[in-house]
Amino acid sequence: MDTTLSVDSTEHGHGPAKGLGRWFFTTNHKDIGTLYLWFSLLMFLTGGCMALMIRAELFQPGLQLVQPEFFNQMTTMHGLIMVFGAVMPAFVGLANWMIPIMVGAPDMALPRMNNWSFWILPFAFSLMLSTLFMEGGGPNFGWTFYAPLSTTYAPPSVTFFIFAVHMMGFSSIMGAINIIATILNMRAPGMTMMKLPLFVWTWLITAFLLIAVMPVLAGVVTMMLMDIHFGTSFFNAAGGGDPVLFQHVFWFFGHPEVYIMILPAFGIVSEIIPTFARKKLFGYASMVYATSSIALLSFLVWAHHMFTVGLPLAGELFFMYATMLIAVPTGVKVFNWVATMFHGSMTFETPMLFALAFVVLFTIGGFSGLMLAIAPADFQYHDTYFVVAHFHYVLVPGAIFSIMAGAYYWLPKWTGHMLNERLGKAHFWLSFIGVNVTFFPMHFLGLAGMPRRIPDYALQFADFNAVASVGAFIFGLSQLLFVYNIISCIRGGERATDQVWEGSHGLEWTLPSPAPYHTFTQPPVIK
Amino acid sequence: MSDPKKNGLFKAALSALAAMFGVQSERNRQEDFSSGSPLRYLLTGVLMVALFVVGVILLVRLALMLAGG
Amino acid sequence: MIKRVWLLPWIGLFLSLPAKAAWEVNITPGATAISREVYDLHMIIFWICVAIGVVVFGVMFWSIFHHRKSRGAEARNFHENTAVEILWTLIPFVILIAMAIPATATLIKMYDNTDSDIDIQVTGYQWKWRYQYLGQDIDFFSSLSTPREQINNEAAKGENYLLEVDNPLVLPVGQKVRFLFTAADVIHSWWVPDLAVKKDAIPGFINESWAIPEEPGIYRGQCTELCGRDHGFMPIVVEVKSQADFDLWLADTRNAAQAQAAAASEEWTLEQLMERGEQVYNTSCAACHQATGQGIPGAFPALVGSPMVTTDIDAHINIVLHGKAGTAMQAFGAQLNAVDLAAVITYERNAWGNDTGDSVSPQRITELQQ
């Protein structure tokens, strides 16, 4: 790609403001991207500590460290924080940093709103975390907050939880609007939709999904609010309501949410694998088409999360068939990544290692997903540790490994320094081992009959639980290496070239490293 | 298929189908993306999804009928 | 001390090893025809996944090994092949469609709730199960019987730790049992892996499922839908008996119920009531109000020094019998017999230094309930 950069473009702009004000008032997409990423890292570590508390309690049978009511608060908060505080903001952070650069835009389309959509988040999460210190404790009904456990039987702090979810929704919707406006309107001349990097494509679809489902989430928590405080009975059977309605509405949000958390990951991996295989992505067209059809098809399978609520037989069959049919076209995208590696010329720097682990482990998560789609078999898997294993395989070595891969991939561009490869590889191998030691035995636990969300368990589950807890601490502690590596990469290190990686292609690699505060104030010319 | 508009609709439907199947060739993609308005593709896409739903419902009916339900 | 607490579960585990396959990695084929079908479906889809995995990961690792730059591999310039893509999409497609056929057949069988021999209504409560044998005049609650000391690591854990109850569900062998599931408060889910039955128990709704147990034996399961604090402590135990033993059990259970009714008209001393009340309190009340009567601040009120417990006896009886709407306090009038109710109220009014000296007689409860 041939681009002409206006070398003096930064001279006319002004640099970042001095002091803390820079971060509060910034409208710069790079600053906001950085804020999102730090915030998400902080939340990742917070949610991680909760996970470690859970795993410490589950290390052996009996109640040792925490009481069941606190255990339930930990599982709930861990889920909410990881989904809404760690994974989603991390993807938005990467989008903020990379999308304007990838499409040759000077900034996001709506920079002030961008600032607002970030700064809502710290308040939303402070509000949510503060519930842990309230009388009666924080939310204790699981991240899926099924009614009536989350309405009639909830602790008083549930109202704060509802408002926190509302605020996260505002933030996500504004972020999504901004991303769509940027992609559709701010592309440099010649950057047609056909040339968009796959990360941009997947984010475009993700943003539409966000706008479609966040209001559904807001709606369902508002109905809860009405039930709790204003005497309605949406979910209260005693008043003529329907507790199952809650689950339908929740999963109508929840299933597309799954794609929201994995599509940008597909995008990142589709950037990284071609770079380190030194070969173009296999089947770019198929990837784009499959991704865009997900925007609609992901709304048709929500009730496969509810096979045991007593759906009528026809409903059960519909959701089983639809799930199986939809799984194939999205699942086989793994083949495209493998075909990209086939007859490439591969090297294995840290980002590539994380991307390869993503492909393997996400596929394992896909397999267990396929098994869960078989409704009669799902009766034996549903709400057991098998499900816990399944979605952690999709989300931890899936979404989170892709975020780490992306962070390592673009860090040299952000900081101007190469990262410490040795440390990066150490982080990778410890994480890889930790993740598998933690989550693989959970398949066995679930199949052997251990339900999820229990603070104590029967003796035959003791061995694998102990193994999983050891793995969790390996994984958790190895993240300190990640933090150290990021900080030392910001502080210094070998200077990065503009192209950074030998095989990298795309607009972002034509910019100097570190990328100047203002980029593409003159649109690049793309041939 | 001499009528270009009719032809276009048919092509859009094929592309929507390709998207749902998850495979599309680079040549067809070039054609799709140079054909101007995306609106036609969006509409046919929604229509195809509706047809997909109807199709799965029919499949369920068939399965229940075969089982004598 | 800390060291010893740490050791206890391991000792318990060691003792239980001969009886249990502690490293169990797969689902059970179970004890019914349906559970075996489900097991077969599970194994088929599992091996399909393994086969696909071997191919995909095989190609991937082969590429990683051979097509690496350090081995001098040069990147080839192909990045599209629609025919190949269609092929590798179609193959899993066909496999899955083939898979859908047996899955559909099994599902249809599982949904055939007709022609049952026995109907049992299963009601989920926070945190116990109630079993009503419809038309048989049998109705009882089933709660965890593992002592609190084992859970708190103050005693060695028994073989069936957390998987044992006071009154198991008893079924006759070879009969079609239809379960009707509902709940009294929040959503629960009734799961016995050996019967391949898992169904949500939802307040205000009735779900159905069925099983024909083929072998006498004891089958254990747990609640699988998060239902609050003691979600992990409401197991299910199903005892399948031969028809003769089952009939015997039916008669015994009916006799026991009559004996209970007779006991309600006897005279009970304060000491007798206190002794019985402590047992009832520990199974029915201690989960929330705690064994110490201190409750959990903000969630469950303390009974120690509570004005209702120490003075207003009518309000105290009323709340135990009828519960408090909108809270976790259930109506125990339907769950416990008159003697147990009288005993537990007496116990609460005299334990932990409440020392009111009040004694509530079973007759008083019986009168109130009429």
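Let us start in chain C, where five strands form an open sheet with mixed pairing, in the order 4-10-9-6-7. At its edges sit strand 4 (169-172) and strand 7 (197-201) of chain C, each of which pairs on one side only. Going from one strand to the next, the twist averages 25°. Please keep in mind that this is a predicted model.

Stay with the strand 7 edge for a moment. Strand 6 (residues 188-192) of chain C runs antiparallel to strand 7 of chain C, and 5 bridges join the two. If you would like a place to look, find C:Ser189, which stands opposite C:Asp200 in strand 7 of chain C. Now move to the other edge. Here helix 5 (residues 243-263) of chain C lies across strand 4 and strand 10 (236-241) of chain C, and its direction is at about 135° to strand 4 of chain C.

Stepping back, how is chain C divided into domains? The domain assignment gives domain 1 (33-110), domain 2 (118-260) and domain 3 (266-369). The centres of domain 1 and domain 3 of chain C, taken over C-alpha atoms, are 60 Å apart.

Chain C also touches its neighbours. Its contact with chain A involves 83 residues of chain A and 86 residues of chain C. Several helices of chain A each supply at least two residues to this side, including helix 4 (68-103), helix 8 (243-277) and helix 16 (462-491). Which helix gives the most? That is helix 10 of chain A, with 8 residues. By type, the residues on the side of chain A that touches chain C divide into 51 nonpolar, 22 polar and 10 charged.

With chain B, 7 residues of chain C are in contact with 8 residues of chain B. On the chain C side, these divide into 2 nonpolar, 3 polar and 2 charged. Chain B itself has 3 helices and 0 strands, giving the pattern α-α-α along the sequence. Of the 69 residues in chain B, 28% are buried.

Finally, take a look inside chain A at helix 5 (residues 111-130). This helix has 20 residues and reaches 30 Å from its first C-alpha to its last, close to the 28 Å expected. Its buried residues include A:Asn114, A:Phe118, A:Leu121 and A:Phe125. An α-helix has 3.6 residues a turn, so residues three or four places apart point the same way. What do the buried residues of helix 5 of chain A pack against? Their partners are helix 3 (29-57), helix 4 and helix 6 (158-185) of chain A.

Notes:
Residues are numbered from 1 along each chain as its sequence is written. Chains are lettered from A and ligands numbered from 1 in the order in which they are written. This is a predicted model: local features need pLDDT of at least 70, side-chain atom pairs count only at pLDDT 80 or more; totals for chains, interfaces and linings use all residues. Domain bounds come from an automatic or database domain assignment. Two residues are in contact if their C-beta atoms, placed from the backbone, lie within 7 Å. Helices (H or I, at least four residues) and strands (E, at least two) are DSSP runs, numbered from the N terminus. Ala, Val, Leu, Ile, Met, Phe, Trp, Tyr, Cys and Pro count as nonpolar, Asp, Glu, Lys and Arg as charged, and the others, Gly among them, as polar. The expected span of a helix is 1.5 Å times one less than its number of residues. A residue is buried if 20 or more other C-beta atoms lie within 10 Å of its own, exposed if 12 or fewer, and partly exposed in between; C-beta atoms are placed from the backbone. Two strands pair if DSSP finds at least two bridges between them. Axes are lines fitted to C-alpha atoms, for helices over the stretch in contact, and angles run from 0 to 180 degrees between N-to-C directions.
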